[in-house]
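Here are some short notes for a first look at this structure. Please read them with the sequence and the model side by side.

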Amino acid sequence: MERKIGVYICECGPNIAEKVDIDKVIDAVSSIDGVAVAEKFKLLCSSDGKKFLTDQIKKQGLTHLVISACSPKDHEKTFMEVCENAGINPYLFQLANIREQCAWVTEDKAEATKKAIRLTKAAIKRVRYHTSLEKKEIEGIPDVLVIGGGIAGIEASLQLVSSDRKIYLVEKTSSLGGLITNFEKIYPGMGSGSSIIKQKIQDVNKKENIKVFLNSEVEEVIGFFGNFEVKIKKITEEGEIAEFNVGAVVLATGSTLFDPKKTPQYGYGKFDDVLTSLEFEKMNLSGEISLKTGKPPKSAAIVHCVGRNEKGYCSEICCMYSLKFVRYLKDKLPNIKVSNFYSDLCIPGKSHQKFYEQTKGNNVNFVRSSEIEITKKGEKLDINYKDETGGKNNIPVDMVILAPAIEPTSDAPKLAEITSISQGNGGFFAEEHEKINPVSTSTEGVYIVGSDQGPKDIPATMIQAEAATGKILSSLIPGRKIEPEVKTSQISESLCIGCKLCLSVCSYGAITFDETKKISVVNEVICRGCGNCVAACPSGAASIKHFNFNQLYQEIMEAVQ
C-alpha cells in the first residue's frame, strides 16, 4: 500500500509559534518521501482544528498522520479520535511533542527549531512502521465485590448499588460498622458517629441488591476487570463456600492500632488507667469516664505519636482525634485538667485549625516533649519527659490516654496476594499513582478506599469511597461492553525459551505458562502493556504492540542524527 503521510504542526497559540520557526519545520519535512502534505494550524485540539484535520485526511486521502504539538498526555487521545472519525486506523498516527520538549525548554529559537525538525522527522520515520491495531470488546459484569464492612465499605456499597448492579459486601466480623460504631462524635463537626453509621447500616439492610456476608473472608479472586471469579468462605465450623462473579473489587478493610505493649515505657498493660485511644472511645460512648476505682479522674494526659518512631511515619489523624478527646473530657468533667504531650502537631486545613483553637482553653495544656516515660507514684501516674530545652520534667495525672500509630490489619498481606495488588510504605495497600490514580491499584478493576491505603479520618474516607465508586460507575456500565488495552505485550512462540522470567516481573498477572508447549502466553485482556516482560526477556521473545523494536529503533535513529 502506498503511504500518504500528512504532517501538521500546531502553533498552540503563542506557546509553540513564538519559540519555533514552524515554516522552517514544514520546509524540512515536506520533501520527505511519503509525505503528501505538511501544514500548520493555530490550535489543532480546538473544534476548528479537529474539523480541519478531518477534512484534510479525507481531502488528501491520507493513510498515516503525524502531528507536532503538545504532550501525548494532553491530546494523543484527542487526535486518535479524529483519525477514527476520518476513517484512519488511530494507530497509524504519531504525535511529536515539540511544546514541552522544544518550545518550553529551549530558549534559543534556532536551537528549538532544529530540535522540532528532528522530532518531527523521527515521528515520520516511526509512523511508516506502524501497523493497524483493532480494538476488542468483551462482556463486563456490572456487579461489585466490596471487602470490608466499615464506613468505607458501606459508603461504597450504597453508592454503587442499583436495580441492575448487585453488591457483595464481605465483613469478617459478626456485624457491620467497623470502628466508627465506637465513636460518640466525629471531628471537626462533632456530629454523632454512632447515629450516622446506624442509619447507613439500616440503608444497607433495606437494599435488596446488597448481599451481606458476615463472619466471612475472601478466599480467592481470579480474573480481570469486568470478570472476576470470587470465592467467599464463612468463618464457622461448617466453612460454607459461596462463589460468584463480579466486574470490580473494592478493598475497604480499614486499619488497626499499633500495640503499645511494644513500647513498654508508656506503661500500657502494666498500670491501671493507661488506655489506648480506642479503649477511651468505648469508655466515653458508655456515658461515663472513670478510673479503675470507679472515681472520675481529676487530671488526664493524652500522649500523641505512640509508636511513630517504630513505624517510621506520621499517622496524620491522631492529633485531631486527641483534640476530640479533650472535648469529651471537658464535656463530661468540666473541671478536669488535660495535658497533651506531643512532638509535632498535625493540624492541616482551616477547619482543623479552627477546631484546635476552639479546643484550647482553661486547664488544657499542650506540652512539646520527647523521651516520655510513665511510672506509678502512689495513686498517680507520673509523666516523665524532656521539654523543648532538653530539661527533665514530670507531671502527675490520674489517667493516661495513648494515641497509637495507625497500621494495616493483619490480613493485609493475604488480601494483597489474593487480589494481586502491591503493598507500599508501612504495609498499606499501594495506589497506582498518588496524584493521578489515588484509588486505583496495579490490578485494573481493584480499588482501595479508606485507611487500608493509609491513615485517614472519616471525611477523607467517605470522599475516597465516592472517588472509587465514580471510577466504577463510569467504566463498568450495565449493558455496555468493555474495551481492554490494545497496546499489549505479545510473546513469540519460536523465540520463547520457557525461562518464566516474564511471569515474575508481570505486575498484572497477565502471563501464564503453557506446560504443553513450554512457552509463556500473554492474556491480552489483562495485559496493560507496561513493558516489564519486554525488558526482562533474555531471548527477545517478548514485544509490545505499537512499541516494537523496529518502530522505536527507526524513531531514535532519526532523532539522534
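1. Charges come first. The protein chain carries 70 positive and 72 negative charges, and the mean positions of the two sets lie 3 Å apart. Keep in mind that this is a predicted model.

2. Next, the overall extent. The C-alpha trace of the protein chain spans about 95 × 60 × 45 Å along its principal axes. The accessible surface of the chain is about 26800 Å². Carbon and sulfur atoms hold 48% of that surface.

3. Now the make-up of the fold. The protein chain has 17 helices and 28 strands. It counts 561 residues, and 50% of them are buried.

4. Contacts along the chain deserve a look. Take the contacts with a separation of 6 or more in the protein chain. Of these, 68% join residues 24 or more positions apart.

5. One residue is worth a closer view: Gly-148. Where does Gly-148 sit? It is in the loop that runs between strand E5 (144-147) and helix H7 (151-160).

6. Is Gly-148 buried or exposed? Its relative accessibility is 7%. Buried means under 20%, so Gly-148 counts as buried.

7. Which residues touch Gly-148, once neighbours within four places in sequence are left aside? Gly-148 is in contact with Gly-153, Leu-169, Val-170, Glu-171, Ala-252 and Thr-253.

8. A last distance involves Gly-178. This residue is 30 residues from Gly-148 along the chain. The C-alpha atoms of Gly-148 and Gly-178 are separated by 8.3 Å.

Notes. Residues numbered from 1 in each chain as written. Predicted model: local features only at pLDDT ≥ 70, side-chain atom pairs only at ≥ 80, totals over all residues. Heavy atoms only, no water. Helix = DSSP H or I, 4+ residues; strand = E, 2+ residues; numbered from the N terminus. Buried < 20%, exposed > 50% of the residue type's maximum accessible area, 1.4 Å probe, protein only. Contact = heavy atoms within 4.5 Å. Areas by Shrake-Rupley, 256 points an atom, 1.4 Å probe, with all protein chains shown as cover. Lys, Arg positive; Asp, Glu negative; His and termini not counted. Charge placed at Lys NZ, Arg CZ, Asp CG, Glu CD.
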